[in-house]
Amino acid sequence: MRHHFWEWPIPTYLFLGGLGGGIFCLAAILTFFVFPGIDAVPMAMAWPGFIGILCIGLGTVMLVVDLGQPMVFYRAFIKSTSVLAWGARLLTVCAIFSVLWFASYIPWDWFRPIADFLGIFRGFSLAVAGVCGTCIMLYTGIFLSTLKAHAFWATPALPVLFTISALSTACAAISLSVGWWPADGSIYTEAGFLNLLASEESKHLLHIVDVILVACEIVVLLVMVLSFLGAGNKTANKVGHKWVHGSYALGFWGGMIVLGLGLPELMYIFMDGTIASSVIAPVLVLCGGCLLRFLVVYSDERAPLPGENQYFEKLAKRDAEFVTKWTYGENLY
């Protein structure tokens, strides 16, 4: 394989799927374990939930598009032993129950009877979406780590890294959007005031959690990349050199370590309560999470098959005379 087999839809799918799954995982944790019995908390999570639904839906579209034959996408669901099939099923189940959960909070008058009916199953829907979201976060890393031919992917550190990154980006996304809708809009009403309190409490907690997650992500990422730099596997060693001081060095050190992780961490710690920690830092974390998926997916070098290099060496060069001499439709003889 002298080209990238997977192009931009796959890293986009992995980023959006992990982000959506992380949002529902955290929404379920906050609702059932951190603030149990407080109705304003799941209501404040409605808008982040809507963003999670969009991420999962768009990520699924990216996956179908990359299959090359969108009209036979159903095959991704029927291969029981395929990791891809399990991911497609988890995405589908999470999407269905997350939509049911979100619909129970729609405040439109004409939709009220349906919302009230769905409200009966609100806790169950969020629980299923949260479990599936957790599995999706793990799946995004397992999906690549099962491809044993690619040394940079076939490591147990990758699912851990992707899970931490998914949770971190989910914290950032929720912090940016919690409480936007369907709040009453006025803090002078009981619903609006409770929604504001729940939003602020959630932001404060997620801020602390993201500080820990970003620190863990820096450690795991550095250990993973530097371990490949000193690995005996030539393919893994080659990718490690590319990340540390090769063609990916600017994206890794400048984009990931400095802008995507280090700078947000400093903003979280030393600029608490400012626009830097509440807006700029979460945006940088989201950009860093997306960049991570692109760097990892495009690091798809593998060990050559027996005789593969000899085969490519014997192929004619693109500028060989007998290749460029003839034009289509011309008969030289």
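This passage describes the helical make-up, aromatic contacts, polar contacts and a surface patch of one protein.

The model is predicted. The protein contains 14 helices and zero strands. Read along the sequence, the pattern is therefore an unbroken run of α elements, α-α-α-α-α-α-α-α-α-α-α-α-α-α. The protein has 333 residues, and buried residues make up 47% of them.

Aromatic contacts come next. The structure holds 14 aromatic pairs. One of them joins Trp108 and Trp110. Their ring centres lie 5.9 Å apart and their planes meet at 20°, so this pair is stacked; the limit for stacking is under 30 degrees. Trp110 also pairs with Phe111. Here the centres are 5.5 Å apart and the planes stand at 80°, so the geometry is edge-to-face; the angle for that class is over 60 degrees. Trp110 thus takes part in a stacked pair with Trp108 and in an edge-to-face pair with Phe111.

The three residues were also assigned by accessibility. Trp108 has a relative accessible area of 46% and is partly exposed. Trp110, at 62%, counts as exposed, because the threshold for that class is over 50%. Phe111 counts as buried, with a relative accessibility of 13%; the threshold for burial is under 20%. The stacked pair therefore consists of a partly exposed ring residue, Trp108, and an exposed one, Trp110. The edge-to-face pair sets exposed Trp110 against buried Phe111.

Elsewhere, five aromatic residues form one cluster. Its members are Phe152, Phe228, Trp243, Phe252 and Trp253. Of these, Phe252 and Trp253 fall within the residue range of helix H11, 249-270.

Two arginines sit over aromatic rings. The charged end of Arg122 is placed over the ring of Tyr105, 4.0 Å from its centre. Arg293 lies over the face of Phe162, with 4.8 Å to the ring centre. Arg293 falls within helix H12 (275-297), and Phe162 within helix H8 (residues 157-177).

Helix H8 also carries Ser175. Ser175 is buried, with a relative accessible area of 16%. A polar atom of the Ser175 side chain lies 2.8 Å from the backbone oxygen of Cys171. A contact of this kind, from side chain to backbone oxygen, recurs at Thr274. Thr274 is found in the loop between H11 and helix H12. At 35% relative accessibility, Thr274 counts as partly exposed. A polar atom of the Thr274 side chain is 2.6 Å from the backbone oxygen of Met271.

Met271 also belongs to a nonpolar surface patch. The patch covers about 660 Å². Its other members are Val258, Leu259, Leu263, Leu266, Ile269 and Phe270. Leu266 lies in helix H11 and, at 46% relative accessibility, counts as partly exposed. Val258 is placed in helix H11 as well. Val258 is partly exposed, with a relative accessible area of 45%. Both values exceed the 30% required of patch residues. Val258 and Gly288 are 30 residues apart in sequence, yet 9.4 Å separates them in space, C-alpha to C-alpha. Gly288 falls within the range of helix H12.

How values were computed:
Residues numbered from 1 in each chain as written. Predicted model: local features only at pLDDT ≥ 70, side-chain atom pairs only at ≥ 80, totals over all residues. Heavy atoms only, no water. Patch = residues over 30% accessible without salt bridge, like charges linked within 9 Å, V, L, I, M, F, W, Y side chains within 5 Å. Areas by Shrake-Rupley, 256 points an atom, 1.4 Å probe, with all protein chains shown as cover. Salt bridge = Lys/Arg side-chain N within 4 Å of Asp/Glu carboxyl O. Helix = DSSP H or I, 4+ residues; strand = E, 2+ residues; numbered from the N terminus. Buried < 20%, exposed > 50% of the residue type's maximum accessible area, 1.4 Å probe, protein only. Phe/Tyr/Trp six-rings, centres within 6.5 Å; stacked < 30°, edge-to-face > 60°. Lys NZ or Arg CZ within 6 Å of the ring centre and 35° of its normal. Polar contact = N/O pair within 3.5 Å; in protein donor to acceptor, adjacent residues only side chain to side chain.
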